[in-house]
Amino acid sequence: MARKVKTPSKLQTAFYHPKYWGIWFGVGILRLLSLLPYRYKFKVGSALGKLMYLLAFKRRKIALENIKIAFPEKTVVEQKALLKAHFASLGMSFAEMAIIWHGDHKRNHKNAFERSIIRYQGEQNLLDTIEQGKGVLILAPHFTTLEVTGLFVSFLTNYHAVYRPHDNPFMDYLIAQGRSIEFDNGDKVEPVSNANTRLMLKVLKKGGAMTFLPDQKYRSKGSIMVPLFGKECPSNPATSKIAKLTGCAVVPTFTRRIEDDSGIHYEVTFLPALENFPSGDDYQDTLRLHHLYEDAIRQAPEQYLWVHNRWDLKL
């Protein structure tokens, strides 16, 4: 069951306690990173990822085991190369977090610089679905580009983001503030805790749009075992259940970071709303989603969040 916690709406005096100083240090690093020219943000981010590769032994071990499961056809050398590329991508996500927290869109959402670095594919799939007047669940799996996905969606439509509250109240406050977005019409929308099921259903029943990330390991009540890359893992059938309760449409969405001679830019792909979903069979629905995730992961395997223990491995 999701934890019911109340996210602080204001910066609290308690957050200046020494036990939070490590977080403040990280906040300062992100702020400094945000001040760098756009291209250099990612160079520094990539370097941070390489440092993480050297220091984060446990996460490195988890990521390598996950990669071995997903890509058994790769040689040991290829798997380790993918592992290193993943940590570089993970480091780049810190540059993206700096952009989300301090980027141009915070001051000028309508004409933000960030709009110039996106190429949309199939955005009409999302817009047409929204125009039908029913709720839309924007399904966005855990890629390292997760932080910027919500921002890029906000350039097309108003929406609510669903997130898992952090155990640390200061981190929870920072995440909620960082992911809050003021839209072109002046509306400011804050993320919705996944513990607040009532609000989630209310938004969708009223025809609102909401991002949802159900692809990580799930061991709470209602968990089902469904294969991903051929190996069963504890999975969350909530997408089917929410769609059934609200009648909402489900639009799978994938963001890919592209690096070329012109620098870093992004491709955001919206697939058509899923037909015959939910089917009435949670297992088959979840398996169908897993196949979509697999296809997207193969296009940019280094950008999926391999450091998460997706298969609940006992390492």
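Q: On a 1 Å grid over the protein atoms alone, a pocket is an open set of points with protein on both sides within 12 Å along at least five of seven lines. What volume does the second largest pocket have?
A: First off, this is a predicted model: local features need pLDDT of at least 70, side-chain atom pairs count only at pLDDT 80 or more, and totals for chains, interfaces and linings use all residues. Residues are numbered from 1 along each chain as its sequence is written, and side-chain values use heavy atoms, with hydrogens and water left out. A volume is the space filled by probe spheres set on grid points, which are joined across faces, edges and corners. For the second largest pocket, that comes to about 310 Å³.

Q: Which element gives the largest share of the lining of the second largest pocket?
A: Lining residues have an atom within 4 Å of a point; there are 17 here, and Trp-101, Lys-106, Gln-177, Gly-178 and Lys-188 are the closest to the centre. Elements are DSSP runs numbered from the N terminus: helices (H or I, at least four residues) and strands (E, at least two). Those giving two or more residues are α1 (21-35), α4 (76-102), α7 (169-179) and β4 (181-182). The largest share, five residues, comes from α7.

Q: What covers the buried residues of α7?
A: Buried means under 20% relative accessible area with a 1.4 Å probe, protein chains only, and in α7 that fits Phe-170, Asp-172, Tyr-173, Leu-174, Ile-175, Ala-176 and Gly-178. At the start of this helix, a side-chain oxygen of Asn-168 also reaches to within 2.9 Å of the backbone nitrogen of Phe-170. The cover over the buried residues includes α1, α4 and β3 (160-163).

Q: Which strand gives the most to the lining of the largest cavity?
A: A cavity is a set of points where a 1.4 Å probe fits but cannot get out, and the largest one holds about 50 Å³. Its lining includes Phe-143, Leu-146 and Phe-254. α6 (146-154) and β10 (249-260) each supply at least two residues. The top contributor, with three residues, is β10.

Q: Which strands stand at the edges of the open sheet, and why is one side of each left without a neighbour?
A: Strands pair if DSSP finds at least two bridges between them, and seven form this mixed sheet in the order β1-β11-β10-β2-β7-β3-β6. At one end, β3 and β6 pair in the parallel sense over two bridges. Each edge strand has a single partner, so one side lacks a neighbour in the sheet; the two are β1 (118-121) and β6 (192-193).

Technical notes:
Buried < 20%, exposed > 50% of the residue type's maximum accessible area, 1.4 Å probe, protein only. Contact = heavy atoms within 4.5 Å. Polar contact = N/O pair within 3.5 Å; in protein donor to acceptor, adjacent residues only side chain to side chain.
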